[in-house]
Amino acid sequence: MALKIKHLLGLEGVEKKDLELILNTAKSFKEVIERPVKKVPPLRGVTVVNLFYEPSTRTRLSFELAEKRLSADTLNFSAKGSSVAKGESLKDTVRNIEALKIDMIVIRHSSVGAPHYLTKFASSTVINAGDGAHEHPTQALLDMYSIMERRGKIKGLRVVIVGDILHSRVARSNIWGLKTLGASVAICGPTTLLPYEVEKMGVDVYHNLDEALDGADVVNVLRLQRERQQAGLLPSLREYTTLFGITRDRLKFLNSNYTIMHPGPINRGVEITSEVADSESSIILEQVTNGVAVRMSVLYLLRGGEEAKS
Ligand code: CP
């Protein structure tokens, strides 16, 4: 079986079959990255450019490692220190990079739709590594893979996403992906940090954390972007922590077998306490490990790779 999509721009509209193919194929790559020799040849001769216009630790390192594990040649581009500082446009930058004879572009950009724009004129395969507050599809895929690994399923689970949903590309991609795979998704945060008419995405909406957590199987905690307080969207960080912070005390509302997630980077003591972030129920570092396997799967399948027959 091969992927129907040609680029990975977001999870909105991606079919269940494609999501399952990516997650199943990632299982084989998870085995690869646990071997003493963590390298396989399928992308030999393929050149991938990691085009980062915004800061990143996890996504950037994870993509670079995934490309290397698949034997691709990788180029890393940061807007900082490049000719973008001299006013070069995104289109000109990409056209010049493509003149170097590359095959795939992984792009993170602060503008919503930047990856989609690339597909209008570039001939490379495009992967969205986060576009503004829109989507972060590989983060959601690795989140779903991590849920599958820990819980054995996604269908029927109650997943609660807590925090700044309004500005979160992680939340959007998770909502689309989780719903396609049959999870029940709830979101919780202050009114000022929830998108207008978000319930139209098919989620349950809460402003009271204890009510949201009632009977939840998985809690995905989002980073509270501190600049939101300066923007007047929050009275104070202390109040946010009191009302929406994930503390040990709050976990009593969850199902007895619960799982805690966070895409990183964490603000310890703001949206989650260290005690919870570092607890047995937390899979935060497994998410990072699984990111490599999932990104290997995406790169491999978008280059025409097929699911390994067992
Ligand atoms: N989760 C995530 O996207 O982290 P980075 O910003 O470090 O890539």
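The largest pocket has a volume of about 530 Å³. It is lined by 23 residues, of which R108, R169, R223, Q225 and P265 are the closest to its centre. The model in which this pocket was found is a predicted one.

Two helices stand out in the lining of the largest pocket: helix 2 (58-69) and helix 6 (169-180) each supply at least two residues. By class, the lining of the largest pocket comprises six nonpolar, 10 polar and seven charged residues.

**The ligand**

The space taken by the ligand is this largest pocket. Around the ligand are S56, T57, R58, T59, R108, H136, Q139, P263 and G264. This shell divides into six polar residues, two charged and one nonpolar. R108 belongs to the shell and is also among the residues closest to the centre of the largest pocket.

Three polar contacts of the ligand are listed below.

| Ligand atom | Protein partner | Distance |
|---|---|---|
| Oxygen | N or O atom in the side chain of S56 | 2.6 Å |
| Oxygen | N or O atom in the side chain of R108 | 2.9 Å |
| Nitrogen | polar backbone atom of G264 | 3.4 Å |

On its own, the ligand has 250 Å² of accessible area, and the protein covers 90% of it. In the contacts with S56 and R108, the protein atom belongs to a side chain, whereas G264 takes part through a polar backbone atom.

**The second largest pocket**

The second largest pocket has a volume of about 260 Å³. Its lining consists of 20 residues, and those nearest its centre are H262, I266, I284, L285 and V288. Helix 2, helix 5 (137-151) and helix 11 (284-302) are the elements that give two or more residues to this lining. Helix 11 has the largest share, with six residues. The lining of the second largest pocket is made up of eight nonpolar, seven polar and five charged residues. Helix 2 contributes to the lining of the second largest pocket and to that of the largest pocket.

**Backbone geometry**

Most residues other than glycine have a negative phi, and most peptide bonds are trans. Two sites in the model depart from these patterns. The peptide bond from G264 to P265 is cis, with omega near -10°. P265 is located in the loop between strand 9 (259-261) and helix 10 (274-277). Both residues of this bond have appeared above: G264 is one of the residues around the ligand, and P265 is among those closest to the centre of the largest pocket.

The other site is S71, a residue other than glycine whose phi is positive, near 70°. S71 lies in the loop that runs between helix 2 and strand 2 (73-78).

Definitions and conventions. Residues numbered from 1 in each chain as written. Predicted model: local features only at pLDDT ≥ 70, side-chain atom pairs only at ≥ 80, totals over all residues. Heavy atoms only, no water. Near = heavy atom within 4 Å. Polar contact = N/O pair within 3.5 Å; in protein donor to acceptor, adjacent residues only side chain to side chain. Areas by Shrake-Rupley, 256 points an atom, 1.4 Å probe, with all protein chains shown as cover. 1 Å grid on protein atoms, 1.4 Å probe; cavity = no way out; pocket = protein on both sides within 12 Å on 5 of 7 lines; lining within 4 Å. Sits in = over half its atoms within 2 Å of the grid points. Nonpolar A, V, L, I, M, F, W, Y, C, P; charged D, E, K, R; others polar. Points joined across faces, edges and corners; volume = space filled by probe spheres on them. Helix = DSSP H or I, 4+ residues; strand = E, 2+ residues; numbered from the N terminus.
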